[in-house]
Amino acid sequence: MVSDNASIFTGDNFSNYCLENGIRQKFITPGHPATNELAERNVQTLKNKLKSMINENVPIHQKIQKILLRYRATPLASGRSPSEMYLNRQIRIKLDAMRPYQEERSQQQIQPPTRCLRVGERVQARVFISNKPFWKNGTIKQKLGNLHYIIELDEGKSLKRHINQLQKVEIKKKQVTLTNLQYTTNRNQASHHQTLIRSNTLFHSLNRINRSIMTPTRHLIRNLHPCLIHPYADHNAQDDPRDILRTMSTQPEI
């Protein structure tokens, strides 16, 4: 970097900054400004422009902004303006408003790659259950435009999804065959038969327990002394002891 011998360039702060960033300083000969001709030429151009705008009643910072804008849009000796060398394009100024507008089209049309799915392909569709995303398998039934599809889930439900909500998979749809259905039916019948067997066994067990308890009670009532039996009770009846007791409780006393 070429500069004069001003204190702002020779101070320790600026010297350390140049040293840390790899900038090599070069100072001109004192009293010979022609050594730094490029910088001095730019200063001269700026002073001349300010003199030509002396009659304009605008602040100094607005004058400098207009001068710099026009300078950066003016082509140099190389044929390119400072804005083109810096931004690789020409900036627009008021002079460009006088030219007819022509839309520039790129010679190379770049289209973003878009996935394409076909009808009948197996996919995973994103569904939302209680505001939580899940993935379910399905089959593409219809294509709507370039990005939307109608999906039939394996559970039978149809829905519309965007291409970003679909993933291609190789999982085939599960087929319910007659053999599997018959096997499931036989298993259900066998399970029901075992349940009936257990119920019958429990019923017979309870029946045996009932007979083992009621038989001694029946013999005890039949062997009682006649004076202890209600006069209206049938002593020779072969009824259930509970019926005998019920009959005795319902007959009037003598």
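**Note on the H3–H4 pair and the largest pocket**

1. H3 and H4 are oblique to each other, meaning an angle outside the bands under 35 (roughly parallel), over 145 (roughly antiparallel) and 65 to 115 degrees (roughly perpendicular). Their axes come within 10 Å and cross at roughly 120 degrees. Axes are lines fitted to C-alpha atoms over the stretch in contact, with angles from 0 to 180 degrees between N-to-C directions.

2. This is a predicted model, with local features needing pLDDT of at least 70 and side-chain atom pairs pLDDT 80 or more, while totals for chains, interfaces and linings use all residues. Numbering starts from 1 along each chain, and side-chain values use heavy atoms, without hydrogens and water.

3. From H3, the contact (heavy atoms within 4.5 Å) uses Asn-42, Leu-46, Lys-49 and Leu-50. H4 brings Ile-60, Lys-63, Ile-64, Ile-67 and Tyr-71. Six of these contact residues are nonpolar, one is polar and two are charged.

4. The largest pocket (an open set of 1 Å grid points where a 1.4 Å probe fits, with protein on both sides within 12 Å along at least five of seven lines) has a volume of about 410 Å³. It has 14 lining residues, each with an atom within 4 Å of a point. Closest to the centre are Thr-45, Lys-49, Ile-67, Arg-70 and Tyr-71.

5. H3 (37-52) and H4 (60-72) each supply at least two lining residues. H4 gives the most, with six.

Key. Points joined across faces, edges and corners; volume = space filled by probe spheres on them. Helix = DSSP H or I, 4+ residues; strand = E, 2+ residues; numbered from the N terminus. Nonpolar A, V, L, I, M, F, W, Y, C, P; charged D, E, K, R; others polar.
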